[in-house]
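Student: I've got a two-chain model open and I'd like to learn how to read its features. Can we go through them together?

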Amino acid sequence: MEIRVRDEAVYAHTGGRDFDAALPVAVLLHGAGMDHTAWSLQTRWLAHRGLSVLALDLPGHGRSGGVPLASVGELADWVAALLDALGVERATLAGHSMGALVALDAAARHRGRVAGLALFGVAERMPVHPDLLALAATDQPEAVELVVGWGYGPRGHVGGSPVPGMALLPAGRRLLQAARPGVLGVDLSLCNAYGGAVEAAAAVACPTVLVLGDGDRMTPAKAGRALASRIAGARVELLPGVGHMIMSEAPVPSARAILGVAPKGA
Amino acid sequence: MGMADAKFLKFDTLSLHAGQRPDPETGARAVPIHMTTSFLFQDVDHAAALFNLEQPGHIYSRISNPTVAVLEERLAALEGGVGAVCTASGQAALSLAVMTLMGAGGHIVASASLYGGSRNLLGYTLPRFGIDTSFVDPRDHAAWRAAIRPETRLVFAEVLGNPGLEVLDIPAISAVAHDAGVPLLVDATFATPYLCRPLQHGADLVMHSCTKWLGGHGTAIGGAVIDGGTFDWEASGKFPTLTEPYAGYHGIDFAEEYGPAAFLMRARAEGLRDFGACMSPMNAFQILQGVETLPHRMRGHIHNTRKVVGFLETELGRPDGAVAWVNYPELADHPDHALAAELLPRGCGSIVSFGVRGGRAGGRRFIEALKVFSHLANVGDAKSLVIHPASTTHAQLDTAALAASGVGEDMVRLSIGLEDCDDLIDDLKQALRAAAKG
């Protein structure tokens, strides 16, 4: 579906069910350089389990208009504006990597609006190597290679895809290659610059789960646990043999984790 | 200090390992043969979720099977595609690709130099279903462009034409296709991903007859379509099967749902479900055995082929010899010599065609005198093979179509195997002598 937020068209995939604001709403926020298809193995499952799901293309990404926003804080406020545009008071936020920082920041800045929080592949800080930042800033193809090369765990590099016949790593590569010029660079820069996770964690007041891969080399699980320890009542789901691209490497546990922090429907 | 390069497994390693996660319960190192029609549901909710594409998993082996899935993922990894669908044969792979992309009213622009079976499907059979094909000289770039129509939905050719061994200018022909808003599908059977990875050169979809070099042992029939994930179906606007809701699957819009994997998912969800030309798990296992040694076998095939080509060139120079001409893209006088060096630097495959003096009769004496080479209708076996295309694989074509396919009456096609190349050359030598005797 298309939503107008701040005069820009925003695309949201709803998982084969029409959006219904009367149901508990889950907003899914993709990571750097990606789009709503990062959640393609969760969206339909959640939409058929009582949630009204919006897997977004963030501004400047996928089918959405506009340009990528330049900071985690701006994106967090943009998520609140999206909920306003839909007339939704509270929603569960799920985010991956950059999207997890946005979800976390939104849960702190807009406490009353966030009913549950599912953070995938997240850490207190997400420093990005200067070489990768430089490559991404100038749209060098090597930037995508570094992201997928470091991002995927063994199911991406060797195999055993949960989707019969799909090769996860090349699929992730194509997704990142499809991003508009400059987008990956902006996204990685804002991850690198964000320093508010510790403060935001202390302000979170909703059911929270951190979904971490024990083979994640971009946001190591140890760093994710450290963040979890700062969020009251947060649960950690540690997935064995999984890298940073958690939703494609472990689709069903990912979907269940989101459902687990969402309010139950009527 | 620079950021460490990302490490990716290399081709030889992927040939052995890609797509497989050793079974955690049994520890089986080889890929198990899951000879089962169907798979248990955990409960009713799980069953419904699988049928509704809410979660991935196996339902029924016509649609997917764990053994076949290992081969699919392995081929996708070797080609660099987002995924693959394996099929009952190479012909089923071509049919599946066409059926996924278009219906009646669709049009294909294809090389005139194709495997006879593909030529039959496109030229004689698909018109009955409302899908027409224009055949063009694969070397004539202007002809490709001129043959495009508003209803064209696919451009199709072989990386190495069969049996003419034309080398497809993949970058140029993919540009023609993309300018027309349609994908380029290439049949890379003769090249295998060891010699050429067409997706890197601009192809969008790759198909194989796995029966040939991928399997490599002449034991199992199979095919595959690999989705490069590069074609923008949405931007093209010509592919409603991929960009509009499909009533056959709860209104799913494949491009919206799966992005770069739209073709792959539709080909399985509709193509295997409805047309049903699936690969058997036993065949997938056999072909996997072949893929494990693909790089080693291809190195052996290329080594032997170059030796045989050298021998045939020597025979060509003999005034009383039986060799009239030799066709292999690495030869300096081959029209695609420079292109072959660019696209196929590791070798141009193990098919060699040549002319036997004495026309059809000379060819017959030659083939019947061979002892090590096997006379049969296949290529890509570990054993060396020989055939006379004009009277077999391309026999359905009339004289004009034969000429357009580059098949002459005197043409003999060799598929060079992995025997000791001295034995192959001795065998060819004595058979050429027999042919010359008349």
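Tutor: Sure, and let's start with a term: a salt bridge is a side-chain nitrogen of Lys or Arg within 4 Å of a carboxyl oxygen of Asp or Glu. Bear in mind that this is a predicted model, where local features need pLDDT of at least 70, side-chain atom pairs count only at pLDDT 80 or more, and totals for chains, interfaces and linings use all residues. Residues are numbered from 1 along each chain as its sequence is written, chains are lettered from A and ligands numbered from 1 in the order in which they are written, and side-chain values use heavy atoms, with hydrogens and water left out.

Student: How many salt bridges does the rule find across the interface of chain A and chain B?

Tutor: The general idea is that side chains of opposite charge can pair when their charged atoms come close. Here the rule gives four across the interface of chain A and chain B, while a search of the whole structure finds 23 over all chains. One pair is Glu257(B) with Arg44(A), at 3.3 Å from N to O. That pair runs from helix H11 (residues 254-258) of chain B to helix H1 of chain A; helices (H or I, at least four residues) and strands (E, at least two) are DSSP runs, numbered from the N terminus. Glu234(B) and Arg63(A) also meet in a salt bridge, at 3.0 Å, N to O.

Student: What area is buried between chain A and chain B?

Tutor: Buried area is the accessible area (1.4 Å probe) that two parts lose on being put together, summed over both. For chain A and chain B that comes to about 3,600 Å², with carbon and sulfur atoms giving 56%. In chain A, Arg44(A), Pro164(A) and Arg174(A) lose the most area to chain B, together 20% of what that side buries. Counting by contact (heavy atoms within 4.5 Å), 39 residues come from chain A and 51 residues from chain B.

Student: At what angle do H4(B) and H12(B) pack?

Tutor: Two packed helices are described by the angle between their axes and the distance between the axes. Axes are lines fitted to C-alpha atoms, for helices over the stretch in contact, and angles run from 0 to 180 degrees between N-to-C directions. Helix H4 (residues 90-101) and helix H12 (residues 262-275) of chain B pack at about 110°, with axes 9 Å apart. H4(B) and H12(B) are therefore roughly perpendicular to each other, a label for angles of 65 to 115 degrees. Residues making the contact include Leu96(B) and Met99(B) of H4(B), and Phe263(B) and Leu272(B) of H12(B).

Note on methods: Parallel < 35°, antiparallel > 145°, perpendicular 65-115°, else oblique.
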